[in-house]
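Work through the exercises below with the model in view. Try each task before reading its solution.

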Amino acid sequence: MQADIPTTALLASNITVEFAGLRALDGVTIVINPGEILGLIGPNGSGKTTLINAITGQVPLATGQVTVAGDVMPLSAPRTVALSGVGRTFQIVRLFDQLTVSENVETAALAKGIKRKDARKIATEILQEFGMLSRAETIAANLNYGDKRRVEIARALAATPKFLLLDEPAAGMNESESQMLCKQLLELPKQRNLGILIIDHDMPLISRLCDRVHVIASGKTIAAGLIENVRKDPAVIEAYLGSSARQDA
Amino acid sequence: MSFLMNRHTLTVASLCGLLLMLVFISYAVDVRVFTRIATTLCINVVMVVGLQSFMGNTGILSFAHIGFMGVGAYTSALLTIPAQMRGMALPDLYPFMEGLSASPILAIFLGGIVAAVIAAAVSYPLMRLSDAAAVITSFALLVVLHTVMLHWSEVTNGPRTLFGLPAITSLPLTAIVAAGAIAVALMFKESRLGILARATRDDETAARAMGINTPRVRWLAFILSALLAGIGGGLWGHFVGSFSPKAFYLKETFVILGMLVIGGPGTITGAVLGVFIVTAAFESLRTLEVVLNSAQIFSGQVVGVTEIVLAFSMIAVLALRPGGLVPTREIGDAIVGLIRKRKG
């Protein structure tokens, strides 16, 4: 299987994570290719966020390894992973609350060693792209939830990542905000040759954004592949999509 | 014109204007006590702004600050006590140190550099810690610095008073150094490192996920903080002329922290305002103590009112306004906001 994986991809192979003896992830292998949006779905508590935390070095691995564009990442080194080109957002928004929107976005560029003046320019461009430029000087804590989500994505993009891991980016957004976000996310892989992993419970959103999905339940991969095929997979229907999907199928 | 409208320039100009006003008032009233109070206030501005550079930007409370003030004061003393007084002031001084000498102004800045070098050497491992662990280790560092000052007789004269520092610290000098400290602290706050430090303060997990080298940015903020504390210590040493290690311990730590907490650790404006408010309150309460004691209203002596009021003020501020009186916006931001509002 690994022979077919392009060297430019992000490969998390055989990832096992344990918390005090509880196995949260059990030998999960996932590949994100540049220029694609991959959906990661599964029931609550299945280990989706833990997988992002494992890839980004924020939880220690019991087994497995993460390779970013051919480079093996050291264990539990979130900084190295970030500087290798992996950006992320969090399930519960984690902005720098006392910084302005612009400063929040600038920090990602500054962390990569970009000068303040250039970082500000990058932030301005991205905020314009996300329709947030008018709020650039607003303190992040004063934003509404949907705007906080957008700023978090903008911040991750300011580091010019090769891969972006989005943990429920549309959570808390209304329908129109979600639609707009969807449109913006669809543009990103083409514009930036960016590989995106997206976790969301909103199946219509996943269907619109992703060609491939990866499904995990109880910490194990139960299906992976094209969304049409996965939707028909009995294990997926049983574990995640439930009876309504069974009827649809 | 746009330079003048810059919010950072306005912040520095406003805060330095406050110091300038203090100097003018002092010269206008020409009362020695007022000049002494104003000079101490300016030294405290250097100290508190220095503490703000670390605590305000990283969100980590540091008890070690006053220890670095001591390092600066002793370094400056070693370099400036006149040769003819050294035998009496430092009877156990190492022979190789007997020839050390520098002008007082240079010695004050060298004191800051020595404090910064010591901070750089000892603090990096501590910068990996957060929350209670970071606070406790900073306290441990204060204890270490104090113990060294207390027992290194060859350099500090041990627990005994060290005397003979040339009294060169004047109000204009302290005001200039305080203005410089304000400008440096603001430049740091708005620099690449300052923003990264503030990001680690607001969310350490997100900062690490973005590739910020948290220990390094904290370490650099700590070094700057120690540099300013060392300079403040040198200025103070040359103001009082004699001191012992007890001048750099818990009581002084409490006062400096109180000033910053009341003013607002998140802003330089808050730090400066905190110094002005606490100094004014201290002096008023000291006067009240004197009046009460001279009038013999109570059977015993009234003592410690200033410390008790400071403690209650800190409790009140932390309970009612945890970010201090000026929590997030510098005075320059407020002025620019007002101007924009007026322009519509």
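Buried means under 20% relative accessible area, exposed means over 50%, and partly exposed lies in between (1.4 Å probe, protein chains only). This is a predicted model: local features need pLDDT of at least 70, side-chain atom pairs count only at pLDDT 80 or more, and totals for chains, interfaces and linings use all residues. Residues are numbered from 1 along each chain as its sequence is written, chains are lettered from A and ligands numbered from 1 in the order in which they are written, and side-chain values use heavy atoms, with hydrogens and water left out.

**Exercise 1. Place Thr160(A) and class its exposure.**

Step 1: find the loop. Thr160(A) sits between helix H5 (145-158) and strand E7 (163-167) of chain A. Helices (H or I, at least four residues) and strands (E, at least two) are DSSP runs, numbered from the N terminus.
Step 2: apply the cut-offs. The relative accessible area of Thr160(A) is 48%, so Thr160(A) is partly exposed.
Step 3: check the backbone. Phi of Thr160(A) is positive, about 45 degrees, although the residue is not a glycine. Most residues other than glycine have a negative phi.

**Exercise 2. Do the same for Ser76(A).**

Step 1: Ser76(A) is in the loop that runs between strand E5 (71-72) and helix H2 (78-83) of chain A.
Step 2: a relative accessible area of 42% makes Ser76(A) partly exposed.
Step 3: phi of Ser76(A) is near 45 degrees, a positive value in a non-glycine residue.

**Exercise 3. What span should helix H6 (residues 104-123) of chain B have, and what does H6(B) pack against?**

Step 1: take the rule. The expected span is 1.5 Å times one less than the number of residues.
Step 2: apply it. The 20 residues of H6(B) should span 28 Å, and the end C-alpha atoms are 28 Å apart, so the two agree.
Step 3: list the buried side. Among the buried residues of H6(B) are Ala107(B), Gly111(B), Ala115(B) and Ala119(B). Residues three or four places apart in an α-helix point the same way, because there are 3.6 residues a turn.
Step 4: find the partners. The buried residues of H6(B) pack against helix H4 (65-80) and helix H12 (214-240) of chain B. Contact means heavy atoms within 4.5 Å.

**Exercise 4. Which residues does Phe163(B) touch, beyond its neighbours within four places in sequence?**

Step 1: Phe163(B) belongs to strand E1 (residues 162-163) of chain B.
Step 2: Phe163(B) is partly exposed, at 30% relative accessibility.
Step 3: its contacts are Ile81(B), Met85(B), Met88(B), Ala89(B), Gly241(B) and Ser242(B).
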